[in-house]
Amino acid sequence: MIEPLNAILVALIAGLAVWITLARDTFSAVVAFIAYGLLLTLAWVQLQGIDVALTEAAIGGGLTGALLIGAASRLRSSERAAAAELPGAGLKCFAAVVSVAVSGVLALCVLALPTPAPTLAQEVAANIGSTGVGNPITAVLLAFRSMDTLLEAVVLLFALIGVWSLTPDRFWAGRPGLRQTADPNGILAYIARVLPPIGIVVGLYIFWAGADYPGGKFQGATILAAMWLLTIMAGLADPPAIGRAGLRSVLVLGPLVFIGIGFLGVAVAGAFLAYPIGFAKPLILAIEFALMPTLTLILGLLLLGAPQRAVES
Amino acid sequence: MTTAMAFGLCAAVLIGLGVYGLITHPQPLRKILAFNVIGSGVFLLFGAIAYRGAGAGMPADPVPQALLITGIVVAFSATALAVAVLLRLHDETGSASLSAPDAEKPANGEHDA
């Protein structure tokens, strides 16, 4: 039997996905996407993935939603012209056939999943003691599969380099985004003063608690980045010029420390990213502390996009 | 029907809807949205499989769940890059169309090379 809550969740998620796909107006599709991200967060809780739920709420719904809303409002002027290139009935039929076929094959695979399900939970439970961390997800991210996390940090950095490389020549090394002007006595400026102290504490707590409980650097860094973006949107802070050496060195610090500890493993423990026995926890902490500022800056700067004005303005 | 199966079938529907949107929408931003719907469907399918792998005192298999966190972050960075490319295209040409500019009607802006 399926629980009623799960049935409602599945129906709402599928319904919102239909809305995202079929809505005429791009802006309303983006708004639906944010609601969809929040519902997916509940689905993750039902699937016992609290860490994934936190990530989905912070990044999947929150940051991606903010990014797409910003893009949708900047593209509004060209919306009508682009929407006019409607696909013909033939293409729609073709797309419907392809999508039904994809869904059908996947549904058959879901129904044919093997029982008992293959799992690595036993291996994780048997080896988690050697890492010194209590949260199995953190153990996987930073010990058993730390190569994935290293490459992920590098992917984020490359994405930011890609975004920056789209800067027009005249704004190179300038500041991302337009200068925000909000009423200094308005509600946005008020919230941007009151919320960040609380948000920073919550973000750091989620980061620190990630060793033993759900949470971790990605979720914590997203909250810190959100607080930073809030002060920028309220006009209280200005985004840094991307040409600054200090900014760039913080951006590469996290991945460099991670790679350095990886090579330390080659010398001391016999393999890249291997931790010497007894030193796993301090090394994991060192990586986390080095990655945290890098991730906060990269996530915030990815959202701000390519520079749109020169340094002086 | 089990919880994992319900969310797994939901994921299959999401991926199908995303594929439909990716093919039919002319606007690049809608394609990016559809790409994200496909992504979330893949993640949900992965999560349903992780949920089936519960064992050894853990409520779900932590290995796929950790890979999911990586996946969500990488999907965000890919989306940010795609949006940046799209906005630059819009700034340069004044239109967000993927059609070749020398097709029947020219875009309302000019390429400033």
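Of the 313 residues of chain A, 41% count as buried. This is a predicted model, so please keep that in mind as you work through the exercises.

**Exercise 1. Set the two chains side by side: what secondary structure does each have, and what percentage of its residues count as buried?**

Solution. Start with chain A, whose secondary structure comes to 12 helices and 2 strands. Reading along its sequence gives the pattern α-α-α-α-α-α-α-α-β-α-α-α-α-β. Its C-alpha atoms fill a box of roughly 65 × 60 × 35 Å along the principal axes.

Now turn to chain B, which has 3 helices and 0 strands. From the N terminus on, its elements run α-α-α. In chain B, 64% of the 113 residues count as buried, while the figure for chain A is 41%.

Finally, look at contacts between residues at least 6 apart in sequence. In chain A, 73% of these contacts join residues at least 24 apart; in chain B, 41% of them do.

**Exercise 2. How many residues does each chain bring to the contact between chains A and B?**

Solution. Count each side in turn: chain A brings 82 residues and chain B brings 74 residues. On the chain A side, the largest share is 13 residues, from helix 3 (residues 50–74). Sorting the chain A side by class gives 56 nonpolar, 17 polar and 9 charged residues.

**Exercise 3. Are helix 2 of chain A and helix 2 of chain B roughly parallel or roughly antiparallel to each other?**

Solution. First, find the helices: helix 2 of chain A covers residues 26–46, and helix 2 of chain B covers residues 28–52. They pack at an angle of about 10°, with their axes 11 Å apart. Next, apply the cut-off: angles under 35 degrees count as roughly parallel. The two helices are therefore roughly parallel to each other.

Then see who makes the contact. Helix 2 of chain A contributes A:T26, A:A29, A:V30, A:F33, A:L40, A:A43 and A:W44. From helix 2 of chain B come B:L29, B:R30, B:L33, B:N36, B:S40, B:L44 and B:G47. By class, this contact has 9 nonpolar, 4 polar and 1 charged residues.

**Exercise 4. Which residues have the most contacts inside the largest nonpolar core?**

Solution. The largest nonpolar core has 122 residues, and B:F7, B:C10, B:L33 and B:L44 have the most contacts inside it. Helix 12 (residues 280–304) of chain A gives the most to this core, with 15 residues.

Take B:L44 as an example. Leaving out residues up to four places away in sequence, B:L44 touches A:L40 and A:A43 in chain A, and B:F7, B:C10, B:A11 and B:L14 in chain B.

**Exercise 5. Where do A:A173 and A:L273 lie, and is each one buried or partly exposed?**

Solution. Begin with the backbone. Phi of A:A173 is near 70°, a positive value in a residue other than glycine. Phi of A:L273 is also near 70°, and A:L273 is likewise not a glycine.

Next, locate them. A:A173 sits in the loop between helix 8 (146–164) and strand 1 (175–176) of chain A. A:L273 is in the loop between helix 11 (245–268) and helix 12 of chain A.

Last, count neighbours. A:A173 counts as partly exposed because it has 13 C-beta neighbours inside 10 Å. A:L273 has 22 such neighbours, so it counts as buried.

**Exercise 6. Which peptide bond of chain A, ending at A:P116, is cis?**

Solution. The bond runs from A:T115 to A:P116, with omega near -5°. A:P116 belongs to the loop between helix 5 (89–111) and helix 6 (121–127) of chain A.

Definitions and conventions: Residues are numbered from 1 along each chain as its sequence is written. Chains are lettered from A and ligands numbered from 1 in the order in which they are written. This is a predicted model: local features need pLDDT of at least 70, side-chain atom pairs count only at pLDDT 80 or more; totals for chains, interfaces and linings use all residues. Axes are lines fitted to C-alpha atoms, for helices over the stretch in contact, and angles run from 0 to 180 degrees between N-to-C directions. Helices (H or I, at least four residues) and strands (E, at least two) are DSSP runs, numbered from the N terminus. Angles under 35 degrees count as roughly parallel, over 145 as roughly antiparallel, 65 to 115 as roughly perpendicular and the rest as oblique. Two residues are in contact if their C-beta atoms, placed from the backbone, lie within 7 Å. Ala, Val, Leu, Ile, Met, Phe, Trp, Tyr, Cys and Pro count as nonpolar, Asp, Glu, Lys and Arg as charged, and the others, Gly among them, as polar. A nonpolar core is a set of buried Ala, Val, Leu, Ile, Met, Phe, Trp, Tyr and Cys residues joined through C-beta atoms within 7 Å. A residue is buried if 20 or more other C-beta atoms lie within 10 Å of its own, exposed if 12 or fewer, and partly exposed in between; C-beta atoms are placed from the backbone.
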